[in-house]
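Biologist: I am new to this one, and I would like to learn how its descriptions are justified. Could you show it to me and let me ask as we go?

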Amino acid sequence: MKNSRIVSIQTRDARFPLLSGAGSDAVHSGAEYAFATTLLATDRGLFGTGIVLTLGQGNQLVCEAIELLGNELVGREIEEVMAEFGAVSKRLAQHPQLRWLGPQKGVVHLALASLTNACFDLWAKARSVPLWRLLLDLTPHQLVALLDLSYLDEVLTKEDAVAIFQCHASNHAQREIILQRGYPGYDTSVGWFQYDDAKVKQLAKEAMDRGFRAFKLKVGSPDQQRDLRRATMLRELIGPEALLMVDANQQWTLPEAIKFCLAVRDISPYFVEEPTHPDDIQAHRTLAEAIAPMSIALGEHVPNRIMFKNFMQAGAVNCVQVDCTRVAGISEFITVSLLARKFGLPVIPHVGDMGQIHQHLVLFNHIAMGHPALFLECIPHLQKHFLHPARIENGVYITPQAPGSSSDMKGVSPNT
């Protein structure tokens, strides 16, 4: 294995308009998906691609922050960087001037995520393995060296993290069967907010024909009767055995959230996603107590491990939707997954990467930490833009085999 030295860092502001209604929710309309993209070029001709999601405007701000943060990486060998990546990540997050713009949230944290994801992609390519294989081949101590566990001491120490990995190392083999079977998916694209009833029905039927048995519907309308009617319609269509989730995209006040969740109990939603403001831990705790055993899912707008820790400590979340394009990339995703394992909570990621990176991470979570293999969100709208698009057959993610994290996009490289 030859080492690769990082010789340049570049960014790309990659934007992809969506078809009418696609990607819409109770607050976002006419969206385009955009990736603030990091490209780490090396002296061996390899390059690592890191992505984070925005919805268009502002993408260029994240790209500028990537360049400001990433200069420290130029000139270093990728093996050297990754041997102590927890310390590297902490140092970048603690930038004495840029930290003021966060800390560990917003534009600078998204920039750190893109840089981090590029480092992991480059590392896997340098070792000629897919990301999931790279992570599974590391020892517990090597894995923990990737992580910044600061501010978590009272619930998750380095010793705790090592112990979790060691505890599950002996039975990797019995869980590795998922590599042949594939990881279950659920379909988000049937239920976008601006789709009319006829389109929701059509897309749900088509998804069922493709093997999906779990679906998500966007809610959060000013008229809750519209949401209830559409949710009931979808439940009747998919039947009682399929799973149905609803996603309010933070649009309800606490009283509105309680009202809706109690009204929707009869159709048994698997979870209610982002029911109210993402920073309001107490409101989520109150809601969780009021609607139990119905589950609350959140993570799309939870920016860091400290916020996740607080939600878990408060009993304010039931399904952890940590997203490696929202927190500080793959390393903080792993940290939050360890926290979830400690608190006995499932991880069902939000996929700001359209599932490209997360298809690797959920395999790692299941095999290395014993997280249950529940399902992973499927959003197909950008598949044609990736060099190695996620393969989903019969409602299941097929295990990726190409070296790297599946983040490379057509026409996006250091030479273009």
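**Reasons behind the words**

Modeller: Let's start with a charge and a ring: the charged end of Lys125 sits over the ring of Phe47, 4.7 Å from the ring centre. Please keep in mind that this is a predicted model.

Biologist: What makes you say that the charged end of Lys125 sits over the ring of Phe47?

Modeller: The charge has to be within 6 Å of the ring centre and within 35 degrees of the ring normal. For Lys125 and Phe47 the distance is 4.7 Å. Another case is Arg226, whose charged end sits over the ring of Phe193, 4.7 Å from its centre.

Biologist: Phe47 belongs to strand 3. What makes you call strand 3 largely enclosed?

Modeller: Of its 8 residues, 8 are buried, so the rest of the structure largely encloses strand 3. On one side are Phe47, Thr49, Ile51 and Leu53, and on the other Gly48, Gly50, Val52 and Thr54, so to describe both faces as covered rests on these buried residues. As background, side chains in a regular strand alternate between the two faces of the sheet.

Biologist: Which strands are in the sheet, and how are they arranged?

Modeller: The sheet is open, with 3 strands in the order 1-2-3 and antiparallel pairing.

Biologist: Why are strand 1 and strand 3 said to stand at the edges?

Modeller: Strand 1 (6-17) and strand 3 (47-54) each have a single partner strand, so one side of each has no neighbour in the sheet. From one strand to the next, the twist averages 20°.

Biologist: How do you know that strand 2 and strand 3 pair?

Modeller: Pairing requires at least two bridges. Strand 2 (residues 32-42) and strand 3 have 8 bridges in the antiparallel sense, so the requirement is met. Along the pairing, Leu40 stands opposite Gly48, and Leu39 stands opposite Thr49. These two strands form a hairpin with 4 residues between them, and Gly45 in the turn has a positive phi of about 85°.

Biologist: What packs on the sheet?

Modeller: Helix 1 (residues 59-70) does, touching strand 1, strand 2 and strand 3, and its direction makes about 170° with that of strand 1. Helix 4 (residues 106-126) also packs there and touches strand 1, strand 2 and strand 3; its direction makes about 145° with that of strand 3.

Biologist: Let's turn to the rings. Why is the pair of Phe16 and Phe35 called edge-to-face?

Modeller: Ring centres must lie within 6.5 Å to pair, and planes over 60 degrees apart count as edge-to-face. For Phe16 and Phe35 the values are 6.3 Å and 65°, so the pair earns its name. Phe16 is in strand 1 and Phe35 in strand 2, and the pair links parts of the chain 19 residues apart.

Biologist: Are Phe16 and Phe35 buried or exposed?

Modeller: The cut-off for buried is under 20% relative accessible area. Phe16 is at 12%, so it is buried, and Phe35, at 0%, also counts as buried.

Biologist: What makes Phe85 and Phe120 a pair that ties parts of the chain together?

Modeller: Their ring centres are 5.6 Å apart with planes at 75°, so this pair is edge-to-face. Phe85 lies in helix 3 (residues 85-93) and Phe120 in helix 4, so the pair connects parts 35 residues apart in sequence. Phe85 is buried at 1%, and Phe120 is buried at 0%.

Biologist: How do you know that the buried residues of helix 3 are on the same side?

Modeller: The buried ones are Phe85, Gly86, Val88, Ser89, Leu92 and Ala93. They cover an arc of only 160° around the axis, so they are on the same side of helix 3. Their cover includes helix 1, helix 2 (78-83), helix 4 and helix 15 (329-343).

Biologist: And why are the buried residues of helix 13 said to line one face?

Modeller: In helix 13 (residues 281-291), the buried residues are Ile281, Ala283, His284, Leu287, Ala288 and Ile291. Viewed down the axis of helix 13, these fall within an arc of 160°, so they line one face. Helix 12 (254-263), strand 8 (296-298) and helix 14 (305-313) are among the elements covering them.

Notes:
Residues numbered from 1 in each chain as written. Predicted model: local features only at pLDDT ≥ 70, side-chain atom pairs only at ≥ 80, totals over all residues. Heavy atoms only, no water. Axes fitted to C-alpha atoms, helices over the stretch in contact; angles between N-to-C directions. Contact = heavy atoms within 4.5 Å. Phe/Tyr/Trp six-rings, centres within 6.5 Å; stacked < 30°, edge-to-face > 60°. Buried < 20%, exposed > 50% of the residue type's maximum accessible area, 1.4 Å probe, protein only. Arc of directions from axis to C-beta.
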